[in-house]
Amino acid sequence: MRKNIAVMLSCVLIIGMIAGCGTQKPTTENTVSGVSAADSADSTSKTDENTADADAYVGDGTAADHMMVDPDAEVTDGQPLTGSECIDPYTWQAEDGSYIQVSSGKTYMIYDKDRQTDGKVGFWKKVDDTTLSLMDSSLTEVGILINEDPDTDVIHDGNGMEYTKTWEVMDGTYACSMNSTYLEGDKLTLAATVPFWISDAEVKTLKEGSIINHTDADFMGIEVQILDKKDDTHYVINNYMDLSYDETAGAWILAADEFYYAQIGVCRITDQTVVRDSRNPEISKMEDAFAAYDFVHASVSVEKGEAITIEIMGG
């Protein structure tokens, strides 16, 4: 049942960034926290061109503001979001110019001032209402992030370094799914697949009957019914999911159908951006792609906040 629900959700869910921190959050399982792509594109209007205005996401403070799918689903009043909940899943820029990308997949990555990363994947967990613990793949704490005020855009680490939200996408290539609402002017909001990373510590404890999950939603968990060890760096779970160790990431990645999308930020389309569709050579702009497909699936390469190439994979 868990697998079937997760597969179904992978077809329809786009889980976006939680915006109005301090507002209500849904308590029903069929609601999704997120923001509209049009609002996301609007949010890039700060004086610092590398920092978007997260306040632009805030609506009237109800859970319905944060729903992206299933508008007819029942929404009930919930509890205000705490400071630590508001840390996830933004990219934050430190005072020294580096970045930390906190993922909704309960992982994080560090980027330098040039938005480059060594590819190492870390893991986080909520400690209390203000603090996230940052851990390595052995789940040893290596740092913390603290947000004492859920209405602020500034957090800090245990050493007093301040971090500010930024909506601009870090350098990399992302598998995305989006529709025309994700494009406003030259701003393109990216909703990318969230890799299913698992720590080395968790893999060492896996056994039949274990539940693996990198979300806060219990129904997205995967029950390990069959665990087949191929070698020290490769398992097959339930006869169809490959679990492999990634040397660069220093963590394990699960290849499965139970993926989902999350908004990771905004990039700019320029005159130099190459948009192409090998099946439809007439498409040379995102407007063309959105006219051809209700939803566009694409591989988007980003450098310094700009979309370099957008390879349309279909709709």
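This tour proceeds through the structure by selection, from the whole chain to individual strands and residues.

**Setting up**

The model is predicted, so local features are restricted to pLDDT of at least 70 and side-chain atom pairs to pLDDT 80 or more, whereas totals for chains, interfaces and linings use all residues. Residues are numbered from 1 along each chain as its sequence is written, and side-chain values use heavy atoms, with hydrogens and water left out.

**The whole chain**

Begin with the full chain in a cartoon view, which shows four helices and 23 strands. These elements are DSSP runs, numbered from the N terminus: helices are H or I of at least four residues, strands E of at least two. Of the 315 residues, 49% are buried; buried denotes under 20% relative accessible area, exposed over 50%, and partly exposed the range in between, with a 1.4 Å probe and protein chains only. The chain exposes about 14700 Å², of which carbon and sulfur atoms supply 47%; such areas come from the Shrake-Rupley method with a 1.4 Å probe, and for residues only the protein chains shown count as cover. Among contacts with a separation of 6 or more, 57% are between residues 24 or more positions apart, a contact being heavy atoms within 4.5 Å.

**The nonpolar cores**

Select Tyr174, Met178 and Leu190 next. Within the largest nonpolar core, which has 36 residues, these three touch the most other members. A nonpolar core is a set of buried Ala, Val, Leu, Ile, Met, Phe, Trp, Tyr and Cys residues joined through side-chain atoms within 4.5 Å. Elements giving two or more residues to this core include β10, β12 (187–193), α4 (286–292) and β22 (296–303). Centre the view on Met178: beyond its neighbours within four places in sequence, its contacts include Leu190, Met286, Phe290 and Val300. Apart from the largest core lies another, of 14 residues, among them Ile87, Trp92, Val102 and Trp167.

**Aromatic residues**

Display the rings of Tyr90, Trp92 and Trp167, which form one aromatic cluster. The structure holds four aromatic pairs. Rings of Phe, Tyr and Trp (its six-membered ring) pair if their centres lie within 6.5 Å; planes under 30 degrees apart count as stacked, over 60 as edge-to-face and the rest as tilted. The centres of Tyr90 and Trp167 are 5.2 Å apart and their planes stand at 90 degrees, so this pair is edge-to-face. It links distant parts of the chain, 77 residues apart: Tyr90 in the loop between α2 and β2, and Trp167 in the loop between β9 (162–166) and β10 (172–178). Tyr90 is buried at a relative accessible area of 1%, and Trp167 is buried with a value of 1%.

Move to Tyr245 and Trp252, another edge-to-face pair, with 5.5 Å centre to centre and 65 degrees between the planes. Tyr245 is partly exposed at 29% relative accessible area, whereas Trp252 is buried at 4%.

**The five-stranded sheet**

Trp252 leads to strand β19, where Ile198 stands opposite Trp252. Select the open sheet of five strands in the order β13-β19-β18-β17-β16, with antiparallel pairing; two strands pair if DSSP finds at least two bridges between them. Its edge strands are β13 (197–198) and β16, each pairing on one side only. Two bridges join β13 to β19 (residues 251–255). At the other edge, four bridges join β16 (residues 227–231) to β17 (residues 234–237). A hairpin of two residues connects β16 to β17, and Asp231 stands opposite His234.

**Strand β8 and its partners**

Select residues 154–157, strand β8. Which residues form its covered face? Ile155 and Asp157 do, while Val154 and His156 form the uncovered one. In a regular strand the side chains alternate between the two faces of the sheet. β8 pairs antiparallel with β7 (residues 141–146) over two bridges, Leu145 being the bridge partner of Asp157. Three bridges join β8 to β9, also antiparallel, and Ile155 stands opposite Tyr163. In the β8–β9 hairpin, with four residues between the strands, Gly160 takes a positive phi near 90 degrees.

**A last stop: Gly83**

Finally, select Gly83, in the loop between α2 (37–42) and β2. Gly83 counts as buried, at 4% relative accessibility. Its C-alpha atom is 4.1 Å from that of Pro150, 67 residues away along the chain. Not counting residues up to four places away in sequence, Gly83 touches Asp129, Asn147 and Pro150.
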